[in-house]
Amino acid sequence: MIALTYQYKLRPNQQQEAEINQILDVCKSVYNYALRERKDWLSSRKSPINSCSIISEYIIPADTPYPSYNNQAKSLTIAKKTNPKLKSVNAQVLQQTLKNLDQAFSKMKSLGKGFPRFKKKLRSFVFPAMLKNCLGYTKVKLPQLGWIKIRKSRPYPEAMTAKQARIVKKASGYYLMITFTSSESVPDNPVGKVSLGVDAGIENFVATSTGQLIKSPKFLLSQLRELKLLQRRLKKKTIRSNNWFKYQNRIAKLHEKIANTRRDWHFKLAHQLCNLADNIFVEDINFNSWSRGIIRKQSLDSGIGQFINEILPFVCWKRGKYYAKVDKNHTSQECPRCGHRQKKKLSDRKHNCSNCGYQINRDVAAAKVIRNRGLIAVGHTVNQNACRDGLAGVQLSLFDLLPS
């Protein structure tokens, strides 16, 4: 099955906008109430009855079942009969809110992390089922909201069915994310002839096995002066005043602009890399550790984890390119020509092999090692696709993606 999500900007009228805000508020209340119910049930059973505090914890009868999704969904159905606020919202939307909470608890148990947090603001909700003939040329028909105008920035995918819709509230307005599905199965992309190794870094955003060193535009740092100015002005405003909310919104719009610029640059770079090769190999790196280390600011500003783990594999799948991850250990210490390993300091930016005398940029050498490991993983020998330097690859150039 294929599932694609298309995003369109909504153009609701005042009544629809008020109704969307009301749905978000009710969903937030349902989520927080259900979370409080689960935490209270667990707190009442985490200690013996003779030592349980009657001040800080609720006393819940011993025969009360655990508030799972099914039990909370039944309670929600009963509460909708007497609560007009709950009755004003589509039942499937509220049930989906409970499912989101249940998924958060499942991840908490599997990952061994803390409880989900209470929501101060809820920015999205889902219609899990769409109506028949709901897609118009410049409008979409949604449950409870009716026909709502959209900015159709791209055509709907052909031979695919609209499965569900999510409304997201951002600083720049409301957006509709429609998920289209198709029953057709797509086989995995085959291994091609030309291969490319991509090494992720901080000084250079990525280095390719063809010798390209691509630096990342400083998305956040380029807007940092304006951001600091807005934050200083915000600090002087009375909290929760009209001007305070205006500057909050301006700061949020600036952050959204930075994120959109970064994502657009990532997609353009991914397409350019796909133009160079049929197979793309990257390191299997845990980028979460990068975001907590000494290079956290540079890593988060460049968005290298988003590019390697999300955008590049999606673009490769869409364009029929083979994408794979290889072992990350010792890629910067190994010689791409003879395989000899020698230790290097972080300050050593040149690879100079003491065994065969091969000299090249350190990041490019690591990209060549990644490509060699990828070829071995897919069953190709390095010599089969050899080019001038004795290794697989092609000598092509990327256009300058940096903004002027």
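**Figure 1. Tyr-66 and its surroundings.** In this predicted model, Tyr-66 touches Arg-38, Trp-41, Leu-42, Asn-71 and Phe-105, if we leave aside its neighbours within four places in sequence. You can find Tyr-66 in the loop between helix 1 and helix 2 (69-82). Look for Trp-41 too: this residue is 25 residues away from Tyr-66 along the chain, yet their C-alpha atoms are separated by 6.9 Å. The side chain of Tyr-66 also makes a polar contact with the side chain of Arg-38, at 3.4 Å. Is Tyr-66 buried, partly exposed or exposed? Its relative accessible area is 22%, so Tyr-66 counts as partly exposed.

**Figure 2. Helix 1 and its cap.** Helix 1 takes in residues 14-43, which makes 30 residues. What span should we expect for this helix at 1.5 Å a residue? The expected span is 44 Å, and the end C-alpha atoms of helix 1 are 43 Å apart, so the two values agree. Now go to the N-terminal end, where Asn-13 acts as a cap. One of the side-chain oxygens of Asn-13 lies 3.3 Å from the backbone nitrogen of Gln-15.

**Figure 3. The two sides of helix 5.** Helix 5 has 12 residues (224-235), and here the expected span of 16 Å agrees with the 16 Å between its end C-alpha atoms. Which residues of this helix are buried? They are Leu-227, Leu-230 and Leu-234. These three cover an arc of only 65° around the axis, and therefore sit on the same side of helix 5. Here is a handy rule to go with this view: an α-helix has 3.6 residues a turn, so residues three or four places apart point the same way. Turning to the other side of helix 5, we meet Arg-225, Arg-232 and Lys-235, which are exposed. The buried residues of helix 5 pack against helix 6 (242-276).

**Figure 4. The largest pocket.** This pocket has a volume of about 980 Å³. How many residues line the largest pocket? There are 28, and those nearest its centre are Thr-5, Gln-7, Arg-154, Arg-263 and Phe-267. Strand 1 (2-11), strand 6 (173-182), helix 6 and helix 9 (304-319) each provide at least two residues of the lining. Helix 6 makes the biggest contribution, giving eight residues.

**Figure 5. Two residues with a positive phi.** Most residues other than glycine have a negative phi, so keep that in mind for this view. Arg-240 is not a glycine, but its phi is positive, near 70°. Arg-240 belongs to the loop between helix 5 and helix 6. With a relative accessible area of 61%, Arg-240 is exposed. His-330, also not a glycine, has a positive phi of about 65°. Where is His-330? Look in the loop between strand 11 (322-326) and strand 12 (350-352). His-330 has a relative accessibility of 43%, so this residue counts as partly exposed.

**Figure 6. Asn-361 and its contacts.** Asn-361 is part of strand 13, which covers residues 359-361. Why does Asn-361 count as buried? Its relative accessibility is 19%, and buried means under 20%. Not counting neighbours within four places in sequence, the contacts of Asn-361 are Leu-213, Arg-349, Lys-350 and His-351.

Definitions and conventions. Residues numbered from 1 in each chain as written. Predicted model: local features only at pLDDT ≥ 70, side-chain atom pairs only at ≥ 80, totals over all residues. Heavy atoms only, no water. Helix = DSSP H or I, 4+ residues; strand = E, 2+ residues; numbered from the N terminus. Expected span 1.5 Å × (residues − 1). Polar contact = N/O pair within 3.5 Å; in protein donor to acceptor, adjacent residues only side chain to side chain. Buried < 20%, exposed > 50% of the residue type's maximum accessible area, 1.4 Å probe, protein only. Arc of directions from axis to C-beta. Contact = heavy atoms within 4.5 Å. 1 Å grid on protein atoms, 1.4 Å probe; cavity = no way out; pocket = protein on both sides within 12 Å on 5 of 7 lines; lining within 4 Å. Points joined across faces, edges and corners; volume = space filled by probe spheres on them.
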